[in-house]
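Work through the exercises below with the sequence and the 3D view open. Try each task before reading its solution.

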Amino acid sequence: MNQGQQPNDGRLDDDSALSEFLASLMDYNPTIPDELVGHYLARSGFHCPDVTLIRLVAIATQKFVAEVATDALQHCKARQSSIVKDKRDKQQKDKCLILTMEDLSKVLREYGVNLKHQKYFAESPWTGMDPAAKDECIVTCPH
């Protein structure tokens with residue numbers, strides 16, 4: 001073979017792999033429903049009747065959300081591991097990880113998304129709650 005044929009063979013392999021991937025999207029049921037993706041694409045001015053493209057956007061969105069969640073979890077673990085020694089003993093008993101808006105904001109900033117809190121935003125689920133009602137609420141953590 002001469003060197004001129006190798007790039008064409010590589011392109012054919014890439015084209016066939018892309019065609020197979022796009023065909024497999026028709027059998028794939030994404031986590032984010034097609035209707036939801038289609039709705040937000042239409043709201044942004046992109047009207048597309050092609051289900052394959054809608055599913056491709058759904059997969060990209062799912063990947064983005066998963067990466068943000070994973071990175072936010074790492075920030076949460078790092079933040080909770082930096083708690084002073086006195087509080088750490090208590091935390092060893094309660095291994096719940098609590099994802100805060102601060103964790104999420106830091107990660108989203110890394111991805112170029114600026115998140116701003118509203119003035120009425122409550123960081124704690126107990127903010128603004130009657131003290132007597134707090135005792136009735138039970139927070140459980142999966143083990």
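**Exercise 1. Place Gln74 and state whether it is buried, partly exposed or exposed.**

Solution. Start with the element: Gln74 lies in helix H3. Next, take its relative accessible area, which is 45%. Buried means under 20% and exposed means over 50%. Gln74 is therefore partly exposed. Finally, look for a residue far along the chain: Gln74 and Val107 are 33 residues apart in sequence, and their C-alpha atoms are 9.6 Å apart in space. Keep in mind for this and every later exercise that the model is predicted.

**Exercise 2. Describe the chain as a whole: how many helices and strands are there, and what share of the residues is buried?**

Solution. Count the elements: the chain has six helices and zero strands. Read from the N terminus, the order is α-α-α-α-α-α. Then turn to burial: the chain has 143 residues, and 14% of them count as buried. The accessible surface is about 11,500 Å². Carbon and sulfur atoms account for 57% of that surface. Last, consider contacts between residues at least 6 apart in sequence: 52% of these join residues at least 24 apart.

**Exercise 3. Find how helices H2 and H3 are arranged, and which residues meet between them.**

Solution. Two packed helices are described by the angle between their axes and by the distance between the axes. Helix H2 covers residues 34-43 and helix H3 covers residues 51-81. Their axes come within 9 Å and cross at roughly 90°. An angle of 65 to 115 degrees counts as roughly perpendicular. H2 and H3 are therefore roughly perpendicular to each other.

Now list the residues that meet. From H2 these are Asp34, Val37, Gly38 and Leu41. From H3 they are Val51, Ile54, Arg55, Val57 and Ala58. Sorted by class, this contact has six nonpolar, one polar and two charged residues.

**Exercise 4. Take Ala58 from that contact and decide whether it is buried or exposed.**

Solution. Ala58 is placed in helix H3. Its relative accessibility is 0%. The cut-off for buried is under 20%, so Ala58 counts as buried. Setting aside residues up to four places away in sequence, Ala58 touches Pro30, Ile32 and Val37. Val37 is 21 residues from Ala58 along the chain, yet their C-alpha atoms are separated by 6.3 Å.

**Exercise 5. Compare Thr52 with Ala23: in which helix does each lie, and how far apart are their C-alpha atoms?**

Solution. Thr52 lies in helix H3, while Ala23 is found in helix H1, residues 5-24. The relative accessible area of Thr52 is 15%, so this residue is buried. For Ala23 the value is 47%, so this residue is partly exposed. The two residues are 29 apart along the chain, and their C-alpha atoms are separated by 8.0 Å. Beyond its neighbours within four places in sequence, Thr52 is in contact with Leu22, Leu25 and Met26.

**Exercise 6. Which residues of helix H5 are buried, and what do they pack against?**

Solution. Helix H5 covers residues 101-110. Within it, Asp103, Ser105, Val107 and Leu108 are buried. The buried residues of H5 pack against H3. Then step past the end of the helix: just after H5, Gly112 takes a positive phi of about 85°.

**Exercise 7. Which two rings form the aromatic pair, and what kind of pair is it?**

Solution. Apply the distance rule: ring centres must lie within 6.5 Å. The count by this rule is one aromatic pair. Its rings belong to Phe64 and Tyr111, with centres 5.4 Å apart and planes at 85°. Planes over 60 degrees apart count as edge-to-face, so this pair is edge-to-face.

Next, locate the partners. Phe64 lies in helix H3, and Tyr111 lies in the loop between H5 and helix H6 (131-136). The pair therefore ties together parts that are 47 residues apart in sequence. As a last step, check exposure: Phe64 is partly exposed at 33% relative accessible area, and Tyr111 is partly exposed at 31%.

Technical notes. Residues numbered from 1 in each chain as written. Predicted model: local features only at pLDDT ≥ 70, side-chain atom pairs only at ≥ 80, totals over all residues. Heavy atoms only, no water. Helix = DSSP H or I, 4+ residues; strand = E, 2+ residues; numbered from the N terminus. Buried < 20%, exposed > 50% of the residue type's maximum accessible area, 1.4 Å probe, protein only. Contact = heavy atoms within 4.5 Å. Areas by Shrake-Rupley, 256 points an atom, 1.4 Å probe, with all protein chains shown as cover. Axes fitted to C-alpha atoms, helices over the stretch in contact; angles between N-to-C directions. Parallel < 35°, antiparallel > 145°, perpendicular 65-115°, else oblique. Nonpolar A, V, L, I, M, F, W, Y, C, P; charged D, E, K, R; others polar. Phe/Tyr/Trp six-rings, centres within 6.5 Å; stacked < 30°, edge-to-face > 60°.
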